[in-house]
Amino acid sequence: MPVKILPPFRFLNPCLPVSRFQSMNLKPANQYSRTLPIFGRVFPFKLKYLGLAPPPSHHFGPRRLSTRSSRPRPSSTSGFRGEVKVSKSLMEDEAELSDWVSGLKDDSFRTRFNDDDSEGERGTGRSGRDSMKRTREIESDEFGDFNRRRGRSSAESFSRSSRKNGPNSVARTRYESESGIEDDDDDDEMHSRKQIRSFRGGNSTLSKRGGGGLRRGDRGPQKQAHLVSEGEDEDEDEELKGSFKGLLSEEDSEEEEEEDDDDDDHDEVLKKNASSLFGAAAKEAVPRSSTGKSDSYLSETRFDQCPISPLSLKAIKDAGYEKMTVVQEATLPVILKGKDVLAKAKTGTGKTVAFLLPSIEILVKSPPISRDQKRPPIVVLVICPTRELASQAAAEANTLLKYHPSLGVQVVIGGTRLALEQKRMQANPCQILVATPGRLKDHIENTAGFATRLMGVKVLVLDEADHLLDMGFRKDIEKIIAAVPKQRQTLLFSATVPEEVRQICHIALKRDHEFINTVQEGSEETHSQVRQTHIIAPLDKHFLLLYALLKDHIADDVDYKVLVFCTTAMVTRLVADLLGELNLNVREIHSRKPQGYRTRVSDEFRKSKGLILVTSDVSARGVDYPDVTLVIQVGLPSDKEQYIHRLGRTGRKGKEGQGILLLAPWEEFFLSTAKDLPITKAEAPLVDPDTRKKVERALSQVEMKSKEAAYQAWLGYYNSNKKVGRDKVRLVELANEFSRTMGLDNPPAIPKLILGKMGLRNVPGLRSK
Ligand SMILES: Nc1ncnc2c1ncn2[C@@H]1O[C@H](COP(=O)(O)OP(=O)(O)OP(=O)(O)O)[C@@H](O)[C@H]1O
């Protein structure tokens, strides 16, 4: 594909709207001098040569691993110690998720209940029709006049500021690519997702399980499952990892559908776990070396220097944003000019606002929708790969729409009832829709008038674009693209844009789109303030080491907040069970949990400190949990990109963080696929005999059902890995080693049907049933 390098800056269109706020400070950009931190961000190598850079100690040589954080520690008299900062979520059932998001925008003026909703869920307050009746807060003529008067100075100031930052932080390339939709009808992974769904749908019974991380006594009674409907699990990353990676046990499919009545003793258990933890955590207070935060993700440009509507600016100010992040500064002018954009920026650097803010500005400038319009158009359509991410993006949209009372956002995601969403959309039509792909497709196919509403789309956003364009989602995305007008603007955002994605991005983007890459050429795609290490240890040491690493970290940091990534949903459950038995303060989240539960746990983790979240890849991308101190990845990540996204849950907004990758010797090959990342070797922590005994005892307490499901899922996951799954005999040997690490003398038997589907029938070492 011919690549044309453009000059890195563009001047803004002077006709763009600008702020009318009196408080708006339109100082010339050249007033901002660049001091050392900015210089250091742009030219870190120069600082090194000047002897001003911090020593990159973590880049070199093996060393004993400490999870000790260098963030400032609270004093030992911190009010936090002895109590856990958790709060019970307000969500009462999964149907409330969307309402919650819709309600976020104007909690202050939209708190009443929707009386005529027979389901009894919280309504979104003021109806959409009502809101449609309101006059737009910005008259387009007035806006235009104002632009003509003020636009140039603001635009120039913004452009000057962009020029100052841009060349060092942003590369922009125009791709001469063909537009149009690629015809891809040989989609193995998609096919296997369908297989998995039908397989799951065919299972009918299973035990109900209570909240993850809760004690075993908290588990509920057995219950009958219903079929998993198509489109309810479109976002389950585990399902997308290979040819038959799901291979779910009967238990798996039922958990998806269970309801959330498992939290009665939640707080009680939380408190118990917390007090035992904080007792241990209080024992030392090591001074930290740095402030724990860098502003390198921010640009020098303030939002109020940009051509943004006053009402959006007011909301931005309320949200506490003052300066734009580098990616926001780089993309805003290009998007406002109407260009298609493919943007790459590191994790946690504000990509959500980067695509939402200009989309809202485009919406603000669109002709107002007639009150009588039966099916008001959806103008901005945002697609996210997971439910959590979609909800989060919708919440961010609500923040930005705070002072735009006539504009609304809704979210449609799997795991909630389609009919409820239909009702909600009818009662409260929105102009911005955030959706997961499978559920959106369901609405296109099953919701009356929805396809017509989509014909109004002016801006289509694919968040985590590389993931959405890979095989697992491709067909859904193609259907969605076919359902929106060709004459639209498309924005693709991600922290990772592998070459394959650049090759196929023409599926969605126009040929003259711009590729805006804020990751400097030659620099890593991860954050330098996040220390990355790997530990290579035999599989039978992994549970021990995980426990030892967590204990060390908890002892070092009272404000610990840890994510433990596991390979599959069922391995996640097993690890959460084990850590729970070891009295750690743990929650679990994965695709086999019902949506209401997922929302509650996610919300709780967002607000908490002193908590460990054991998770599958449903939390790998995009989820914005503040102040995560450590990310541990146990076992092979599906690829380098997934490693980067998982790691990116820490070190957000310039904060410090730490990442540990725990691999078996036969998984070490992963490191060669991530050679360009600074993942240094660390020695495993020492494990004393007492700890070993404790872990063995805890393992023996974990339910057999969990172990069986984990064994099968483990086998499915590694079977789908090109390298490990190639030699089936070896694969089974490894799986049986995993089984022994769980304390099992014999590997669990697997149904013949599943073995057949995995291509593992008659492989020595397997037991079938
Ligand atoms: N201009 C800004 N100033 C300060 N904080 C900001 C700004 N813009 C966004 N944020 C905050 O930064 C955090 C990270 O943003 P966001 O989740 O959009 O990152 P991201 O780049 O999409 O990350 P990921 O790649 O993991 O999806 C959020 O808490 C968001 O509210």
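Contact here means heavy atoms within 4.5 Å. With that in hand, start with everything shown. You're looking at a predicted model, and among its contacts between residues at least 6 apart in sequence, 83% join residues at least 24 apart.

**Stop 1: the whole protein**

Colour by secondary structure and you'll have 27 helices and 21 strands to scroll through. The protein has 769 residues, and buried ones make up 62% of them. Switch on a surface if you like: the accessible area comes to about 29,400 Å², and carbon and sulfur atoms account for 50% of that.

**Stop 2: the ligand and its two domains**

Now select the ligand. Colour 299–367 plus 374–517 as domain 1, and 530–702 as domain 2. Where does the ligand lie relative to these domains? It lies between them, because both give residues to the shell around it.

Next, show that shell as sticks. There are 24 residues around the ligand, and the ones that come nearest are Y321, G348, K351, T352 and D624. Sorted by character, the shell has nine charged residues, eight polar and seven nonpolar. Two elements to highlight are strand 7 (323–325) and helix 11 (351–365), as each supplies at least two shell residues.

**Stop 3: polar atoms at the ligand**

Zoom in and pick three side chains, one at a time:

- T352: a polar side-chain atom lies 2.6 Å from an oxygen atom of the ligand.
- Q328: an N or O atom in the side chain is 2.8 Å from a nitrogen atom of the ligand.
- E396: an N or O atom in the side chain is 3.3 Å from an oxygen atom of the ligand.

How much of the ligand's accessible area does the protein cover? On its own the ligand has 640 Å², and the protein covers 94% of it.

**Stop 4: T629**

Jump to T629, in the loop that runs between strand 18 (611–615) and strand 19 (630–634). Is T629 buried or exposed? Its relative accessibility is 2%, so T629 counts as buried, the cut-off being under 20%. Add H553 to the selection and draw a distance: the T629 and H553 side chains make a polar contact at 2.8 Å.

**Stop 5: two backbone oddities**

Time to look at phi angles. Most residues other than glycine have a negative phi. Select E464, which is not a glycine and yet has a positive phi of about 55°. You'll find E464 in the loop between strand 12 (459–463) and helix 16 (465–468). E464 counts as buried, because its relative accessibility is 4%. What is E464 in contact with, leaving aside its neighbours within four places in sequence? Show P385, L389, F493, S494, R621, G622 and H645 to see those partners.

For the last selection, go to N762, in the segment after helix 27 (752–758). N762 isn't a glycine either, and its phi is positive too, at about 65°. Here the setting is exposed, with a relative accessible area of 76% for N762, whereas E464 is buried.

Key: Residues are numbered from 1 along each chain as its sequence is written. This is a predicted model: local features need pLDDT of at least 70, side-chain atom pairs count only at pLDDT 80 or more; totals for chains, interfaces and linings use all residues. Side-chain values use heavy atoms; hydrogens and water are left out. Helices (H or I, at least four residues) and strands (E, at least two) are DSSP runs, numbered from the N terminus. Buried means under 20% relative accessible area, exposed over 50%, partly exposed in between (1.4 Å probe, protein chains only). A polar contact is a pair of N or O atoms within 3.5 Å; within protein, one must be able to donate a hydrogen and the other to accept it, and residues adjacent in sequence count only if both atoms are side-chain atoms. A residue is near a molecule or strand if one of its heavy atoms lies within 4 Å of it. Accessible areas come from the Shrake-Rupley method with a 1.4 Å probe; for residues, only the protein chains shown count as cover. Ala, Val, Leu, Ile, Met, Phe, Trp, Tyr, Cys and Pro count as nonpolar, Asp, Glu, Lys and Arg as charged, and the others, Gly among them, as polar. Domain bounds come from an automatic or database domain assignment.
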